[in-house]
Amino acid sequence: MIILKIDPNWLDIAYGEPETLNHQSVNSNSKITGTLGELATCQVLDGLGISFDFADSKDYDLIVKGLRFDVKSSRAPKYGNREAGNGLVTAYLRDHQECDVYIFCCVNIDKDEIAVMGYCSKEWFWTTKKGNDYAAGEIVKTRRIKSDARLLGYRYLKDIEEIAKWKA
């Protein structure tokens, strides 16, 4: 997990993004949260010396070493450590999103922090027995979810630093 301070310029960018970006999430403020997660991920990758291209695609955000990465960001006032939190992805995306890798971020605007929690392949996310599937209306922790989804603990993700070791 890598924790970054939110750059004030990121907030300007996130609040200025058109509504069409990051609009498919079931969460409120997803446009702002998603944009902040993407910007933080770009900074982390750059800081690790990992080359990437930004993608203008509805299915993925970045291309890294030939793979399509989608940044999954959530508002998390308390993310604690990797042992405590979970990444949630709506089931619709399993069959309707063309990407190879998910990177998960937790955005805490009140503390001006973003935690890049880690990554996993999309295929592994949907097939591992470490994840749990939920149907729309079921309660996850304390809230009912709006659509079918899968939940996976951040503790199962790989550290983003490992990407620097990949061969293209």
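The exercises below, each with a worked solution, concern the packing and strand pairing of a predicted model.

**Exercise 1. The nonpolar cores**

Determine how many residues the largest nonpolar core has, which of them have the most contacts inside it, and which helices and strands supply at least two residues each.

Solution. Begin with the core itself, which has 26 residues, those with the most contacts inside it being Leu36, Ile114, Ile160 and Ile163. Next, assign the core to secondary structure: at least two residues each come from the helices α1 (8–16) and α2 (30–47), and from the strands β1 (2–5), β3 (62–64), β4 (67–75), β6 (101–108) and β7 (113–121). Of these elements, α2 gives the most to the core, namely six residues. Finally, set this core apart from a second, separate one of 18 residues, which includes Val89, Ala91, Cys106 and Cys120.

**Exercise 2. The surroundings of Ile163**

Find which residues Ile163 is in contact with, once its neighbours within four places in sequence are left aside.

Solution. Start from the position of Ile163 in the largest core, where it is listed with Leu36, Ile114 and Ile160 among the residues with the most contacts. Then, leaving aside the neighbours within four places in sequence, read off the contacts of Ile163, which are Leu45, Ile50, Val64, Lys65, Phe69 and Tyr119.

**Exercise 3. An aromatic pair**

Classify the ring pair of Phe69 and Trp166, and decide for each of the two residues whether it is buried, partly exposed or exposed.

Solution. A search of the whole structure finds seven aromatic pairs. In the pair of Phe69 and Trp166 the ring centres are 6.0 Å apart and the planes stand at 45°, so the pair is tilted. As for its place in the chain, Phe69 lies in strand β4 and Trp166 in the segment after β11 (149–153), so that the pair links parts of the chain 97 residues apart. Turning to accessibility, Phe69 has a relative accessible area of 0% and is therefore buried, whereas Trp166, at 26%, is partly exposed. Elsewhere in the search, ring pairs link Tyr102, Phe104, Phe125, Trp126 and Tyr154 into a cluster.

**Exercise 4. A three-stranded sheet**

Establish the strand order of the open sheet that contains β11, and explain why one side of β5 and of β8 is left without a neighbour.

Solution. The three strands follow the order β5-β11-β8, with antiparallel pairing. Because β5 (86–90) and β8 (132–134) stand at the edges, each with a single partner strand, one side of each has no neighbour in the sheet. The twist from one strand to the next averages 25°. Looking at one pairing in detail, five bridges join β5 to β11, and Thr90 stands opposite Ala149 in β11.

Notes:
Residues are numbered from 1 along each chain as its sequence is written. This is a predicted model: local features need pLDDT of at least 70, side-chain atom pairs count only at pLDDT 80 or more; totals for chains, interfaces and linings use all residues. Side-chain values use heavy atoms; hydrogens and water are left out. A nonpolar core is a set of buried Ala, Val, Leu, Ile, Met, Phe, Trp, Tyr and Cys residues joined through side-chain atoms within 4.5 Å. Buried means under 20% relative accessible area, exposed over 50%, partly exposed in between (1.4 Å probe, protein chains only). Helices (H or I, at least four residues) and strands (E, at least two) are DSSP runs, numbered from the N terminus. Contact means heavy atoms within 4.5 Å. Rings of Phe, Tyr and Trp (its six-membered ring) pair if their centres lie within 6.5 Å; planes under 30 degrees apart count as stacked, over 60 as edge-to-face and the rest as tilted. Two strands pair if DSSP finds at least two bridges between them. Axes are lines fitted to C-alpha atoms, for helices over the stretch in contact, and angles run from 0 to 180 degrees between N-to-C directions.
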